[in-house]
Amino acid sequence: MARIAGRTGDRHTKLVKLLKVALPLVALALLSTIFLVSRTVGTQDAIPYSNVDVQGRAMDPRLTEPTWSGLTSDGARLNIAAAEVRPPAEGRPATISALRADLTTPDGVDTHLQSAAGTYDDANQRVTFSGQVRVHTSTGYDIRMAEAVAELDRTQVTGIGPITGQAPMGQLTAGGMTLNPAGDTGGQYRLDFTGGVKLIYTPAPQP
């Protein structure tokens with residue numbers, strides 16, 4: 001019985017010595033595997049900004065979703081926004097896409113302008129709307145025109161025809177229009193149509 005116990009003890013001692021050597025090696029192998037796997041980067045996991053053409057942006061600078069707000073000299077509030085603005089080049093003004101503006105005059109009338117494109121003339125402080133221009137006012141005018149010019153330092157919007165649209169009293173066509181202060185009338189503003197103005201009167205529905 002003593003010999004059997006001795007042999008069993010020797011086996012246990014050898015097993016312990018073997019595990020002392022084997023277990024650290026196994027742990028080292030597992031750690032090495034973890035580090036090797038962590039260094040593997042899948043091309044499908046690249047962040048979306050990695051495909052931005054930085055060189056192209058540097059060669060073709062632009063402003064994305066810019067906004068501008070201010071007051072005209074006569075106290076009207078003007079807010080302008082766009083999808084994109086490209087700076088002027090070779091003597092041409094800055095070009096604008098998806099242009100829109102909100103003008104609120106001191107008499108409380110809101111005028112909204114929007115167009116597919118436009119330009120900004122810094123020297124003359126004006127913005128030109130072009131390409132399917134729409135002008136809508138809180139007084140009931142909803143008109144279309146070929147081009148419109150809005151001054152930034154004073155309240156004046158000039159529409160270049162042909163002009164077509166809906167007026168409060170009916171269907172309207174004209175060669176041009178202007179929105180500006182109506183002289184010394186205590187802060188009143190006037191929308192004038194010029195150039196062969198035609199109005200198809202639509203009577204208001206009877207109650």
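Start with the interior of this predicted model: the count of cavities of 30 Å³ or more comes to one. Its volume is about 40 Å³.

To see the walls of this cavity, select Thr-72, Leu-78, Leu-103, Leu-113, Ala-150, Glu-151, Arg-154, Thr-155, Gln-156 and Val-157. Coloured by residue class, the lining divides into five nonpolar, three polar and two charged residues.

Next, select residues 67-71, which make up strand E2. This strand is hardly covered, and the count of buried residues among its five residues is zero. Add residues 77-81, strand E3, to the selection: E2 and E3 pair in the antiparallel sense over five bridges. Within this pairing, Gly-70 stands opposite Leu-78 of E3; Leu-78 is also one of the residues that line the cavity.

Now follow the hairpin from E2 to E3, where five residues lie between the strands. Stop at Gly-75, which takes a positive phi near 95°.

For the last stop, show the aromatic rings. How many aromatic pairs are there? The count comes to one. Select Tyr-141 and Phe-193: their rings form a tilted pair, 5.7 Å centre to centre, with 35° between the planes. The pair links distant parts of the chain, 52 residues apart. Tyr-141 sits in the loop between strand E7 (126-137) and strand E8 (142-151), while Phe-193 belongs to strand E11 (residues 189-194).

Are these two residues buried or exposed? Tyr-141 has a relative accessible area of 16%, so it counts as buried under the 20% cut-off. Phe-193, at 18% relative accessibility, is buried as well.

Methods
Residues are numbered from 1 along each chain as its sequence is written. This is a predicted model: local features need pLDDT of at least 70, side-chain atom pairs count only at pLDDT 80 or more; totals for chains, interfaces and linings use all residues. Side-chain values use heavy atoms; hydrogens and water are left out. On a 1 Å grid over the protein atoms alone, a cavity is a set of points where a 1.4 Å probe fits but cannot get out, and a pocket is an open set with protein on both sides within 12 Å along at least five of seven lines; lining residues have an atom within 4 Å of a point. Grid points are joined across faces, edges and corners, and a volume is the space filled by probe spheres set on the points. Ala, Val, Leu, Ile, Met, Phe, Trp, Tyr, Cys and Pro count as nonpolar, Asp, Glu, Lys and Arg as charged, and the others, Gly among them, as polar. Buried means under 20% relative accessible area, exposed over 50%, partly exposed in between (1.4 Å probe, protein chains only). Helices (H or I, at least four residues) and strands (E, at least two) are DSSP runs, numbered from the N terminus. Two strands pair if DSSP finds at least two bridges between them. Rings of Phe, Tyr and Trp (its six-membered ring) pair if their centres lie within 6.5 Å; planes under 30 degrees apart count as stacked, over 60 as edge-to-face and the rest as tilted.
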